[in-house]
Amino acid sequence: MSLDDLDAYLEHHALHRAESGKGGDSIFTPFPDSREVDGARSSRKHGWNKSLDEPGWIRTWGAFVEGRVVGDVELHGGDIEATRHRAFLGVGVQRPHRGTGLGRSLMETAISWAREAGVAGIDLGVFEGNSRALALYSKLGFEIVGTFEDAFRVSGQSITDIRMVLDLRK
Ligand SMILES: CC(C)(COP(=O)(O)OP(=O)(O)OC[C@H]1O[C@@H](n2cnc3c(N)ncnc32)[C@H](O)[C@@H]1OP(=O)(O)O)[C@@H](O)C(=O)NCCC(=O)NCCS
């Protein structure tokens with residue numbers, strides 16, 4: 001995505017995060033409300049323009065339906081020089097648009113871009129119980145490297161985070 005998409009992206013970002021823990025969804029994000037949106041604007045505005053050797057680089061791809069963003073996948077580069085070869089992935093599709101292949105397609109786009117860009121590994125965390133996301137990541141080759149009990153406390157709930165990695169060096 002580019003700066004022209006920033007407002008559409010942020011609208012999606014807020015709508016999607018508001019679904020966490022509601023309407024049949026388990027909690028899937030550590031950010032329980034929209035207070036982070038100002039931070040999201042600033043980090044994307046700057047991160048989208050950063051090259052891959054700068055701290056704070058971000059690349060985001062969106063799924064658009066009738067001009068609105070309904071899903072996204074993001075890669076965030078490592079913050080320090082020693083982790084700059086890796087990226088952390090986040091993905092989300094708004095509830096009415098799930099189960100139609102958008103999540104898989106977004107993930108495949110990000111993975112193939114990362115491979116081309118020379119990213120050595122993609123890391124992610126998925127909250128225990130999020131079986132749909134776990135199934136998707138496993139099908140795409142991510143492997144579980146650890147289970148982090150009480151990694152987050154969201155709205156008073158202790159969350160176990162499952163850490164997964166896709167090794168792109170092979
Ligand atoms: C996880 C998520 C991104 C998947 O996106 P999606 O568009 O719904 O997924 P897709 O339609 O591309 O399906 C991908 C895989 O998900 C799984 N899946 C899809 N619908 C499913 C369902 N109803 N139940 C269980 N698994 C399901 C299947 O394994 C499917 O594999 P396939 O492509 O071989 O059929 C999306 O459901 C979502 O945003 N969920 C809430 C936010 C979230 O959990 N984000 C990830 C946090 S780590």
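The following paragraphs describe the sheet, the helices packed on it and the surroundings of the ligand in a predicted model.

The six strands of the open sheet, which is of mixed pairing, follow one another in the order E1-E2-E3-E4-E6-E5. Strand E1 (58–65) and strand E5 (143–154) occupy the edges, and because each has a single partner strand, one side of each is left without a neighbour in the sheet. On average, and with direction ignored, neighbouring strands of this sheet are turned by 25° against each other. At the E1 edge, the pairing with strand E2 (residues 68–77) is antiparallel and extends over 8 bridges; within this arrangement, Gly62 finds its bridge partner in Asp72 of E2.

Helix H1 (residues 6–17) packs on the sheet through contacts with E1, E2 and strand E3 (86–93), and the direction of H1 makes about 90° with that of E2. Helix H4 (residues 131–139) likewise packs on the sheet, where it touches strand E4 (121–127) and strand E6 (157–167), with the direction of H4 making about 160° with that of E4.

The ligand is surrounded by 18 residues, of which Phe28, Arg98, Gly103, Arg104 and Ala135 are the closest. At least two residues of this shell are supplied by each of E3, helix H3 (102–117) and H4, and the greatest contribution comes from H4, with 5 residues. Helix H4 thus appears in both settings, touching E4 and E6 of the sheet and giving the most to the shell around the ligand. In character, the residues of the shell comprise 8 that are nonpolar, 6 that are polar and 4 that are charged.

Definitions and conventions. Residues are numbered from 1 along each chain as its sequence is written. This is a predicted model: local features need pLDDT of at least 70, side-chain atom pairs count only at pLDDT 80 or more; totals for chains, interfaces and linings use all residues. Two strands pair if DSSP finds at least two bridges between them. Helices (H or I, at least four residues) and strands (E, at least two) are DSSP runs, numbered from the N terminus. Axes are lines fitted to C-alpha atoms, for helices over the stretch in contact, and angles run from 0 to 180 degrees between N-to-C directions. Two residues are in contact if their C-beta atoms, placed from the backbone, lie within 7 Å. A residue is near a molecule or strand if its C-beta atom, placed from the backbone, lies within 6 Å of it. Ala, Val, Leu, Ile, Met, Phe, Trp, Tyr, Cys and Pro count as nonpolar, Asp, Glu, Lys and Arg as charged, and the others, Gly among them, as polar.
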